[in-house]
Amino acid sequence: MDDKRRLILDQALALVDERGLAAMSMRAVAERVGLTSMALYPYVGGKDALLDGLVDLLHLELGSAVGGDLPDIDWRHRLRALGRAVRSLAHAHPSAFPLLLNRSAAGASASWLTAALRGILHDAGVSAGSVPRMARLICAFLLGYTTGEVTGGLPRMPAAENPEIENGAGEAQAEAEYDADLADLMRMIECAVRDEGAAHSRTRP
């Protein structure tokens, strides 16, 4: 990513973090980087392109958080690390994060999450024909769940039913629930692999 474009996107993301997505305008971003609004266009285009650039930047940040050694570890650990990184990104940028769910992939790096999930499913033994569908399903969970968390759209357990929330352990409870959901995803993948293996055995001459 061009250094000037990266600077502009970094400042746009910081603006959204501080003041919310509604406060982001070409003029507001330009003021943060010491340029005129028109001077931004060669680097980030108009406002729609700028929003797409934020999607690209968030995916870059996600890839950096997970690291480059994912192929060297077991697929279960990779899925858990990826899931936790998605949740951390959501909580780090709660106002901008929903863009990952609401806007199409903008740049080459914006396909990073899908590619990572496909690699995990391939290494788990999921058949090539089933990988795209399962990758979309898991991506929908990761982005949908975490977007619901940071926007308040995800139903929360009432404090009366969960004393730990009253004792200040709400985040630990939420993290434990999310990890349990990731474990459920792993079991779903394992079941899919077993079912595909059994079906293949039945059709083998």
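# Notebook: helices, core and contacts

I began with helix α2 (residues 26-33), in which I found Met-26, Ala-28, Val-29, Ala-30 and Val-33 to be buried. I then looked up what lies over these buried residues of α2, and the cover includes α1, α3 and α4 (47-66). Just after α2 I noted Gly-34, whose phi is positive at about 75°. I should record here that the model is predicted.

**Entry on the whole chain.** I counted the secondary structure next, and the chain comes to 10 helices and zero strands, so that I read the order of elements from the N terminus as α-α-α-α-α-α-α-α-α-α. Of the 205 residues in the chain, 37% are buried. I also checked how far along the sequence the contacts reach: among those between residues at least 6 apart, 73% join residues at least 24 apart.

**Entry on the core.** Which residues have the most contacts inside the largest nonpolar core? That core has 54 residues, and the ones with the most contacts within it are Met-24, Leu-54, Leu-117 and Ile-189. I followed two of these further.

For Met-24, setting aside neighbours within four places in sequence, I listed contacts with Ala-12, Leu-15, Val-16, Val-29, Lys-47, Leu-50, Leu-51 and Leu-54. Val-29 in this list is one of the buried residues of α2, and Leu-54 is itself among the residues with the most contacts in the core.

Ile-189 lies in helix α10 (residues 170-203). I asked whether Ile-189 is buried or exposed; its relative accessibility is 0%, and because buried means under 20%, Ile-189 counts as buried. Leaving out residues up to four places away in sequence, Ile-189 touches Trp-75, Leu-79, Leu-121, Ala-124, Val-126, Met-134 and Ile-138. For one of these partners, Met-134, I took the C-alpha separation from Ile-189, which is 8.4 Å across 55 residues of chain.

**Entry on α1 against α3.** Helix α1 (residues 3-19) and helix α3 (residues 37-44) pack at an angle of about 120°, their axes being 9 Å apart, and I noted that the crossing is left-handed. On the α1 side the contact is made by Lys-4, Arg-5, Ile-8 and Leu-9, and on the α3 side by Leu-40, Tyr-43 and Val-44. Sorted by type, the residues of this contact are five nonpolar, no polar and two charged.

**Entry on α5 against α8.** I turned next to helix α5 (residues 75-92) and helix α8 (residues 131-151), whose axes come within 9 Å and cross at roughly 30°, in a crossing that is right-handed. Here Leu-79, Gly-83, Val-86, Arg-87, Ala-90 and His-91 of α5 meet Ile-138, Leu-142, Leu-143, Thr-146, Glu-149 and Val-150 of α8. The residues of this contact divide into seven nonpolar, three polar and two charged. I marked Leu-79 and Ile-138 in this list, since both also appear among the residues that Ile-189 touches.

I looked up Arg-80 as well, which is found in helix α5. At 26% relative accessibility, Arg-80 counts as partly exposed. Apart from residues up to four places away in sequence, Arg-80 touches Leu-182 and Met-186. Arg-80 and Met-186 are 106 residues apart along the chain, yet their C-alpha atoms are separated by 8.9 Å.

**Entry on Pro-98.** Where is Pro-98 found? I located Pro-98 in the loop between α5 and α6 (99-102), and with a relative accessible area of 12% this proline is buried. With neighbours within four places in sequence left aside, Pro-98 is in contact with Thr-147 and Thr-151. Between Pro-98 and Thr-151 I noted 53 residues in sequence and 8.3 Å in space, C-alpha to C-alpha.

**Entry on cysteines.** A disulfide is a covalent bond between the sulfur atoms of two cysteines. How many disulfides does the model have? With sulfur atoms required to be within 2.5 Å, the count comes to zero disulfides. I also looked up the accessibility of two cysteines: Cys-139 is buried, with a relative accessible area of 16%, whereas Cys-191 is partly exposed, with a relative accessible area of 34%.

Terms used: Residues are numbered from 1 along each chain as its sequence is written. This is a predicted model: local features need pLDDT of at least 70, side-chain atom pairs count only at pLDDT 80 or more; totals for chains, interfaces and linings use all residues. Side-chain values use heavy atoms; hydrogens and water are left out. Helices (H or I, at least four residues) and strands (E, at least two) are DSSP runs, numbered from the N terminus. Buried means under 20% relative accessible area, exposed over 50%, partly exposed in between (1.4 Å probe, protein chains only). Contact means heavy atoms within 4.5 Å. A nonpolar core is a set of buried Ala, Val, Leu, Ile, Met, Phe, Trp, Tyr and Cys residues joined through side-chain atoms within 4.5 Å. Axes are lines fitted to C-alpha atoms, for helices over the stretch in contact, and angles run from 0 to 180 degrees between N-to-C directions. A crossing is left-handed if the near helix is turned anticlockwise from the far one by less than a right angle, and right-handed if clockwise. Ala, Val, Leu, Ile, Met, Phe, Trp, Tyr, Cys and Pro count as nonpolar, Asp, Glu, Lys and Arg as charged, and the others, Gly among them, as polar.
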